[in-house]
Amino acid sequence: METTAQPAPPASPIDPQAVQLGNLVDDDGEFTKLHPNYKTALRVRAALTALPVIFGAMMLEGSLRGQSPLPFGVIIGLVVFLAVLFIVRLPSRRYHARGYQISSDRLRVVRGILWRSDTVVPFGRVQHIDVDQGPLERFFDIATLTLHTAGNHNASVNLPGLGHALATEMREEIRAHIKRESM
Amino acid sequence: MSVSAPASHSVSVPITAKAPDAQPQPEPQRTAPLSVGIGLLGAIQNAIVPIAFVAFSSSGRGYGILAALGVGLAIIVIGGFFSYLRWRRLTYTIGAQDIRVESGVLSRAARSVPYERIQDVSLEQKLLPRLFGLVAVKFETGAGGGDDLSLAYLTEDAGEELRQLIRERRDAQAGADSGTESDAPSLSEEPAAEALFTMGPDRLFTFGLFEFSLAVFAVLAGLAQYADGFIEIGDAIDLAGAWFSDRGEEVAALGATLQILSALAGLFIVFIVGSATGMIRVFTREWGFLLERTARGFRRRRGLFTRTDVVMPIHRVQGVTIGTRALRYRFGWHNLRFVSLAQDAGSSSHVVAPFAKMEEIRPIIAAAGFDLPSDNAEWHRASKRYRTDSAIVDSLVFIITAIVTGTATLLYAPEWFLFVVSIPLVLALIAAGANLLAWRFQRHALDASQIVSTKGVLSPRSQIATRLKLHSAEIAQGPIARLRGYGTVHLGLAGGEFAIPGVPLDRAREVRREVLKTIAATDFSDIETS
C-alpha cells in the first residue's frame, strides 16, 4: 500500500506452491519444539517463584516447633515436594506442550497443558512484530516473538522460547512476506 | 482495542512523495465564534450552585443576596472570559496530509491526525449547540479510549464542509497510495444518497412498547431463572407476610375488593411508568432515524436532543450481528449492528437498524456486502458430546447444592428434606434441559465468502463475518473438550469477538483450514484500500 509507483497488483498475490505449503502445515502436523534452553529458563523462573514459599514454610516450621501436633518436617517436606514438582515436572510438561510451525504464509502456535490453544496467524494479517528478551531470556539467549493482529481476539500472539537468532530470522521472514504482499 | 488503525505496518515514508503541489499554504482556522456563547451558558450553569449556596448560607439577608449575585457574576465573567480565550487559542489547520489542532490557553497542545488514519468523521449535536446551529466534529481514529480528536463547535455548514473535505483528502490519499485508481475522488459534490432504513413515529411507538415490556420481562426472567431468583421470591413472600400480619386488621377492614383494586392500581402505575420510560428513551435516542447508503459508505442520523451523524465506510465493516430480544422476536423484530473498528458512542459496533423486520435487514446487509445465509446453507451443529457435557456441567452446581443442603436438612430438620432437595434438583433439570434446547439452536455455516454463527432459543443472535476480513484462527480446548474431542473456534475479528463453541475437532480444523485459505490469499492492506 505504501509504494505509490506500483501498478495494479498481480492476478494472484501468492504463488500456488506457497498455498500448498500452507496447507501442508495445517493442524495435525508435528510442531517444531522450542529451544531447549527454554525449559531451563522455565525451571529457573519456577524456582524463583517457589523460593519465597519454601522460606515461608521453613519459618513456619521453625516457629511452630514444639507446639504443633505434626512431627517436625512435615510442612517443609510437603512444600518441598510440591516445589520439586513445580520446578522439575511442570516446566518439562509445559515445554513439551508448546511448539510452533512456520510455513511460507502462516505461523501456528500451540500451547497449554490442560487448556490447549492452537492458533494460526496468516502473515498477511500481521500488523507489527515484536522480538522481546527479558533478563532471564537474555541469559539463556532465547527470545519471545509476538505477532500483533487487528483482531480483538488474539490481538497479540506470543511465541516464547525461540532461540534469539531464530526469532529475529523469523521476524525478518515474516516482515519480508508482508512487504511482498502489500506491494 | 489498542489497535491504532488498520494497515499500521504501512506507516513508512512515501506518502510525502505525493505532496500536492496545487495546495496553497494551509491557514489555521478558528471554530465558530458562537462557541463562546456555549461556553458562557456553561459558565452560567456552573454559577447556579454557588449562587444558591451563598444565598442560602446568608439566609436571605439583603447583603447575602448581593454577595450571591456578585459571586455568580464573577463566575460567569471568568468562565465566559476563559471560554473566549479558549476559542481564541483553538485553531485547526487542514493540511495536505493531516489535520492539525492547536489548543490550550496556558499550555499549548498540538495534535496532528493524518487523513489516512481517520476512520470516520462524525457530527454530534447536543441540545444547546443545536439551538445555536453548531456541531461538534469528531474524528475517529480507532485509537482506544476517548482519545479521539474533536472540534467543538463549528457551524453546521462548516462541519459538513469539513467532513466532506476530509473524506476527499483521505480518499485521494488512499487512491494515490494503493496505486489503483479510485472512483471516489472525482465526486466532489454531495453524492446521491439512497435511503436504506428509516423509522417514523409509528415505528418508534412500536419500538417503545417493546422497550418497556422487555424491562418487565427481564425482571420476570431474572426471578424465574436461577436459585437466587427463588430466594428473592421467598423474600418477597416473607415481606408480604410480615406486612399483612402487622396490619392484618387494617387490611381486613378495607375489604377484599378494595385490596384487589389497589393492587391493580399499583400494577397499572408500574405499567405506565415502565412504558413511558421506554417510550421516552426510544424517542429521544432514535428520533428521525435515517440510514443512507452514500458513495462514501453508510450514513446514520438519529437523535431528538442530541443529534448524531455518523458515517461508516463500507470497507470498514468487518462483520454484522443480527440480534433480537425474546418478546419482540415473537413479532418478527430484530436489530442489526455493524462490527467495525471505529467506536460508536462507546460501543464498538454500530447500530444500523435498531428495530426492523428481516426483510428490511436483508437489503442493508446486502449493501454492506453480506448475505443472509441461504436456505440450502450447510449448517453444522456443535458436537453432541459438547451438548451432554455442558448439560452435565451446568446442572452439576445444582446437584451439589442438593446434596449439601439435603445432608444438612436431613441432620437438622428432616421434615423439610423433600422440599429442600427438590428445588435444586428441579433447577438442575431446568439447566440440563436449557442446554439441550440451546444446542438445537446453535449452529454455524461456512460459505464461499463468509462464516455465519447462530445461537439462542428465545432470542436468536446471528453473527456474520467475511472470511477475508478475519485476522487469525484458533482452536481452544479445555481439559474436558480435549478428552471428548471438540473445541472452541476463535476467529480474530477486528472490533468484535467471533467464537463458535463445541465444534467437533475435525470440523473445527476444517473451518480453520478453509478460513485460513481465504485469509492467506490476500494481504491486509489490499483489503483496506479496496
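Q: Let's start with residues 42-60 of chain A: how much helix and how much strand is there?
A: The model is a predicted one, and in it residues 42-60 of chain A are 100% helix and 0% strand. The C-alpha atoms at the two ends of that stretch are 27 Å apart.

Q: What does UniProt list for residues 42-60 and 72-90 of chain A?
A: Both spans appear under "transmembrane region", and the entry is unreviewed. Keep in mind that such annotations may be inferred rather than shown by experiment.

Q: And what do residues 72-90 of chain A look like in the model?
A: That span is 89% helix and 0% strand, with 28 Å between its end C-alpha atoms.

Q: How do I read the order of elements in chain A?
A: Go from the N terminus and note each helix or strand as you meet it. Here you get α-α-α-β-β-β-β-α-β-β-α, made up of five helices and six strands.

Q: How many residues does chain A have, and what share of them count as buried?
A: Buried means under 20% relative accessible area. Chain A has 183 residues, and 43% of them count as buried. As for its outside, chain A exposes about 9,700 Å², with 63% supplied by carbon and sulfur atoms.

Q: What are the matching figures for chain B, starting with its helices and strands?
A: Chain B has 15 helices and 21 strands. Of its 530 residues, 42% count as buried. Its accessible surface is about 26,800 Å², and carbon and sulfur atoms hold 64% of that.

Q: What share of the contacts in chain B join residues at least 24 apart?
A: Take the contacts between residues at least 6 apart in sequence: in chain B, 60% of these join residues at least 24 apart. For chain A, with a separation of 6 or more, residues 24 or more positions apart account for 54%.

Q: Where in chain B does the pLDDT stay under 50?
A: Treat pLDDT as the predictor's confidence in each residue. Chain B has a mean of 78, and 78% of its residues reach 70 or more. Residues 1-23 of chain B stay under 50, though the model has 54 contacts for them beyond four places in sequence. Residues 178-189 of chain B are also below 50, with 17 contacts beyond near neighbours in sequence.

Q: Let's look at a strand. Are the faces of β5(B) covered or open?
A: Check the residues on each side in turn. On one side sit Asp120(B), Ser122(B) and Glu124(B), on the other Val121(B), Leu123(B) and Gln125(B), and all are buried.

Q: Which way does β5(B) pair with β6 of chain B, parallel or antiparallel?
A: Antiparallel, over five bridges, with β6 covering residues 134-140. Leu123(B) stands opposite Val137(B) in that pairing. β5(B) also runs antiparallel to β11, residues 307-312 of chain B, through three bridges. There, Glu124(B) has Thr308(B) as its bridge partner.

Q: How many residues are in the largest nonpolar core?
A: It has 29 residues, and Phe197(B), Leu291(B) and Ile364(B) are among those with the most contacts inside it. Several elements of chain B each supply at least two residues, including β8, α5, β9 and α10. β14(B) gives the most, with four residues. Apart from this core lies another of 24 residues, among them Tyr95(A), Val109(A), Phe123(A) and Ile178(A).

Q: What is Leu291(B) in contact with, beyond its neighbours in sequence?
A: Its partners include Phe197(B), Phe298(B), Val352(B) and Ile364(B).

Q: Which residues are in contact with Arg387(B), leaving aside neighbours within four places in sequence?
A: Leu436(B) and Trp439(B). Arg387(B) belongs to helix α11, residues 384-412 of chain B. Leu436(B) is 49 residues away from Arg387(B) in sequence, yet their C-alpha atoms are 6.2 Å apart. Arg387(B) counts as partly exposed because its relative accessibility is 24%.

Q: Last one, backbone geometry: what sign of phi do most residues other than glycine have?
A: Negative, and most peptide bonds are trans. Now for the exceptions here. Asp141(A) has a positive phi of about 55° and lies in the loop between α4 and β5 of chain A. Asn154(A) has a positive phi of about 60°, in the loop between β5 and β6 of chain A. At 45% relative accessibility Asp141(A) is partly exposed, whereas Asn154(A), at 12%, is buried. The peptide bond from Ala152(B) to Tyr153(B) is cis, with omega near -5°, and Tyr153(B) sits in strand β7 of chain B.

How values were computed:
Residues numbered from 1 in each chain as written. Chains lettered and ligands numbered in written order. Predicted model: local features only at pLDDT ≥ 70, side-chain atom pairs only at ≥ 80, totals over all residues. Heavy atoms only, no water. Buried < 20%, exposed > 50% of the residue type's maximum accessible area, 1.4 Å probe, protein only. Contact = heavy atoms within 4.5 Å. Areas by Shrake-Rupley, 256 points an atom, 1.4 Å probe, with all protein chains shown as cover. Pairing = 2+ DSSP bridges. pLDDT = per-residue confidence, 0-100. Core = buried A, V, L, I, M, F, W, Y, C linked by side-chain atoms within 4.5 Å.
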